[in-house]
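Work through the following exercises with the sequence and the 3D structure side by side. Try each task before reading its solution.

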Amino acid sequence: MVGSAINKIKGDYPAYRFVFFSSSEYDLSSLEETKSLFREVQPTMVIHLAACVGGLFKNMHNKVEMLEKNVMINFNVVRCCHEFDVEKLVACLSTCIFPDNTTYPINETMLHDGPPHTSNDAYAYAKRMLDIQCQAYRENYGSNFQCVIPTNIYGAHDNYHLEDAHVIPALIHKCYLAKKDGIPFVMRGSGKPLRQFIYAEDLAKLMMWSVEHNTDPILILSVPEDQEVSIEHVARLIAREFDYEHQLAFDESFSDGQFKKTADNSLLASKLKFDFVPIADGIKRSVAWFVENYATARK
Ligand code: GFB
């Protein structure tokens with residue numbers, strides 16, 4: 001999803017030759033395959049987006065894979081960035097890796113101040129190790145290896161798998177099917193948890209800004225705190241796009257996961273004035289993309 005968003009805006013960066021590839025071409029959990037990719041591409045800069053990701057329910061039920069696959073991918077990519085003299089690495093974490101029992105809003109200094117939420121602790125520790133690995137290379141070799149920390153991402157080219165997807169693509173797919181079959185549109189949990197959502201195309205622009213200008217070792221890439229919304233609000237925005245809000249139902253037998261992970265974006269805001277796509281507009285575009293690309297969308 002984020003790679004596709006960067007691919008969409010690459011024309012705005014004529015100074016760079018962009019090389020994109022997917023996990024079907026190179027398995028980055030293999031050191032040999034990672035080396036052959038670096039040998040072939042000889043990258044100057046790397047935006048590291050490769051990861052085994054998923055929503056709350058995938059994280060809760062696939063902890064071994066979320067830990068081991070991500071640790072191996074990150075180990076190989078960062079190591080190869082060093083061995084192939086990459087000038088700058090921008091690696092991607094997530095705000096779910098911050099401590100769960102903390103004060104809000106969370107900022108870049110609080111990353112390792114306590115355990116993450118149990119629902120995604122395996123994924124969170126794998127991503128925390130990516131920060132530690134980049135830090136180790138900075139200290140030992142002066143490597144220009146940085147990490148950016150987006151909040152929940154959504155947009156076109158998402159993964160719409162009904163069980164493994166993040167909340168927005170999962171609900172877009174569920175509302176699409178519910179309307180088609182004339183049945184209730186069921187949202188999981190209470191709808192009370194709060195999230196900050198960043199539109200993938202906004203994140204793509206901020207990633208490129210980070211490549212060109214960011215000097216901080218870790219940087220939160222998020223909408224401001226006052227744009228935090230409830231899961232119920234998101235479900236209603238999606239249902240309205242399908243003219244199906246009257247059929248919205250809640251299944252509170254499912255977990256709510258972490259109640260909130262409110263992120264402070266003031267470090268980013270101190271460097272860059274950025275107009276984020278409002279959530280209602282982003283959801284309208286995401287629903288339109290899914291309906292148009294239903295046949296080929298990942299699901
Ligand atoms: O995006 P999401 O799955 O993950 O959102 P997290 C979960 C919230 O949406 C919970 C509610 O409060 C769920 O109860 N929800 C309601 C649903 N209906 C659904 C549904 O059909 N599917 C899903 N998935 N949720 C993830 C981390 O946490 O955040 C990942 O586990 C990653 O590792 C991601 O960091 C950004 O926001 O809770």
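Buried means under 20% relative accessible area, exposed means over 50%, and partly exposed is in between, with a 1.4 Å probe and protein chains only. This is a predicted model, in which local features need pLDDT of at least 70 and side-chain atom pairs count only at pLDDT 80 or more, while totals for chains, interfaces and linings use all residues. Residues are numbered from 1 along each chain as its sequence is written, and side-chain values use heavy atoms, with hydrogens and water left out.

**Exercise 1. Decide whether Gly-155 is buried or exposed, and find what it is in contact with.**

Solution. Begin with the position: Gly-155 belongs to the loop that links strand 4 (152–154) with helix 6 (167–181), where helices (H or I, at least four residues) and strands (E, at least two) are DSSP runs numbered from the N terminus. Next take the accessibility: because its relative accessibility is 4%, Gly-155 counts as buried. Then look for contacts, meaning heavy atoms within 4.5 Å: once neighbours within four places in sequence are left aside, Gly-155 is in contact with Met-1, Tyr-160, Tyr-199, Ala-200 and Ser-286. Finally, compare sequence with space: Phe-290 is 135 residues from Gly-155 in sequence, and the two C-alpha atoms are 9.3 Å apart.

**Exercise 2. Work out the strand order of the open sheet of four strands, and explain why strand 1 and strand 8 each have one side without a neighbour.**

Solution. Two strands pair if DSSP finds at least two bridges between them. With parallel pairing, the four strands of the open sheet follow the order 1-2-3-8. Strand 1 (45–48) and strand 8 (218–221) stand at the edges and have a single partner strand each, so one side of each is left without a neighbour in the sheet. From one strand to the next the twist averages 20 degrees.

Now follow the pairing through strand 2 (residues 88–92), which runs parallel to strand 1 and is joined to it by four bridges. Met-45 has Lys-88 of strand 2 as its bridge partner, and Val-46 has Leu-89. Four bridges also join strand 2 to strand 3, again in parallel, and there Val-90 is partnered by Gln-146 of strand 3.

As a last step, check how strand 2 is covered: five of its five residues are buried. Lys-88, Val-90 and Cys-92 point one way from the strand, whereas Leu-89 and Ala-91 point the other way.

**Exercise 3. Find which residues of helix 2 are buried, and where they sit around its axis.**

Solution. In helix 2 (residues 31–41), the buried residues are Thr-34, Lys-35, Leu-37, Phe-38 and Val-41. These residues lie on the same side of helix 2, because they cover an arc of only 160 degrees around the axis, the arc being that of the directions from the helix axis to the C-beta atoms. A general rule helps here: an α-helix has 3.6 residues a turn, so residues three or four places apart point the same way. On the face turned away from the buried side are the exposed residues Glu-32 and Glu-40. The cover over the buried residues of helix 2 includes strand 1 and helix 4 (63–83).

**Exercise 4. Say which residue just after helix 2 takes a positive phi, and where a cis peptide bond is found.**

Solution. As background, most residues other than glycine have a negative phi, and most peptide bonds are trans. Gln-42, just after helix 2, takes a positive phi of about 50 degrees, although it is not a glycine. Gln-42 is partly exposed, with a relative accessible area of 48%. His-157, in the loop between strand 4 and helix 6, is also not a glycine and has a positive phi of about 65 degrees. The cis bond is the one from Tyr-104 to Pro-105, with omega near 0 degrees, and Pro-105 is found in the loop between strand 2 and helix 5.

Technical notes:
Axes fitted to C-alpha atoms, helices over the stretch in contact; angles between N-to-C directions.
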